[in-house]
Amino acid sequence: PAPDAYLVAAQALGAEPGGCVVIEDAPAGVRAGRAAGMTVWAVTTTHTEDELEEADRTAADLAALLEPLGLVQRA
């Protein structure tokens, strides 16, 4: 998987790739984010945790990824 889309997005934001976090739900996207030199978090909405094992962090959904950062509070 080519990292081009992630690198273009980082450039448009004026961000260094190493300071970016990719949130993905597919193995190909995880690999593309890694190839871009970015941190990759994955949600297991379409693939299993085993299939997304190359991600730096996995969780069942976006809220579960962000909750430890204090960005989401579950009701």
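I began with the strands: strand 1 (residues 21-24) and strand 2 pair in the parallel sense, over 4 bridges. Strands pair here if DSSP finds at least two bridges between them. Helices (H or I, at least four residues) and strands (E, at least two) are DSSP runs, numbered from the N terminus.

This is a predicted model, where local features need pLDDT of at least 70, side-chain atom pairs count only at pLDDT 80 or more, and totals for chains, interfaces and linings use all residues. Residues are numbered from 1 along each chain as its sequence is written, and side-chain values use heavy atoms, with hydrogens and water left out.

**Strands 1 and 2.** I looked up the bridge partner of Val-21 in strand 2 and found Thr-39. Next I checked cover. Buried means under 20% relative accessible area, exposed over 50%, and partly exposed in between (1.4 Å probe, protein chains only). Strand 2 is mostly covered, with 4 of its 5 residues buried. Strand 1 alternates: Val-22 and Glu-24 point to one face and are buried. Val-21 and Ile-23 point to the other face and are not buried. I recalled the general rule that side chains in a regular strand alternate between the two faces of the sheet.

**Nonpolar patch.** I then asked which residues make the nonpolar surface patch. Val-21, Ile-23 and Leu-62 make it, at about 240 Å². Patch residues have over 30% relative accessible area and no salt bridge; like charges are joined within 9 Å, nonpolar side chains (Val, Leu, Ile, Met, Phe, Trp, Tyr) within 5 Å. The areas come from the Shrake-Rupley method with a 1.4 Å probe, and for residues only the protein chains shown count as cover.

**Helix 3.** Leu-62 is in helix 3 (residues 62-66). Its relative accessible area is 42%, so Leu-62 is partly exposed. Leu-66 is also placed in helix 3. At 18% relative accessibility, Leu-66 counts as buried. I took the C-alpha distance from Leu-66 to Trp-41: 10.0 Å, with their places 25 residues apart in sequence.

**Salt bridge.** How many salt bridges does the structure hold? I found 1. The term needs a side-chain nitrogen of Lys or Arg within 4 Å of a carboxyl oxygen of Asp or Glu. Asp-56 forms it with Arg-34, and the closest N and O atoms are 2.9 Å apart. Asp-56 lies in the loop between strand 2 and strand 3 and Arg-34 in helix 2 (residues 27-35), so the pair ties together parts 22 residues apart in sequence. Asp-56 is partly exposed at 43% relative accessibility. Arg-34 is partly exposed at 38%.

**Negative patch.** Glu-49, Asp-50, Glu-51, Glu-53 and Glu-54 form a negative surface patch. Asp and Glu count as negative, Lys and Arg as positive; His and the chain ends are not counted. The charge is placed at NZ of Lys, CZ of Arg, CG of Asp or CD of Glu. I placed Glu-53 in the loop between strand 2 (39-43) and strand 3 (57-59). Glu-53 counts as exposed, at 64% relative accessibility.

**Helix 1 and the ends.** Is helix 1 (residues 4-13) largely in the open or covered? Of its 10 residues the number buried is 1, so helix 1 lies largely in the open. Just after helix 1, Gly-14 takes a positive phi of about 70 degrees. Pro-1 sits in the segment before helix 1. Pro-1 is exposed, at 54% relative accessible area. I last took Pro-1 to Leu-71: their C-alpha atoms are separated by 30 Å, and they are 70 residues apart along the chain.
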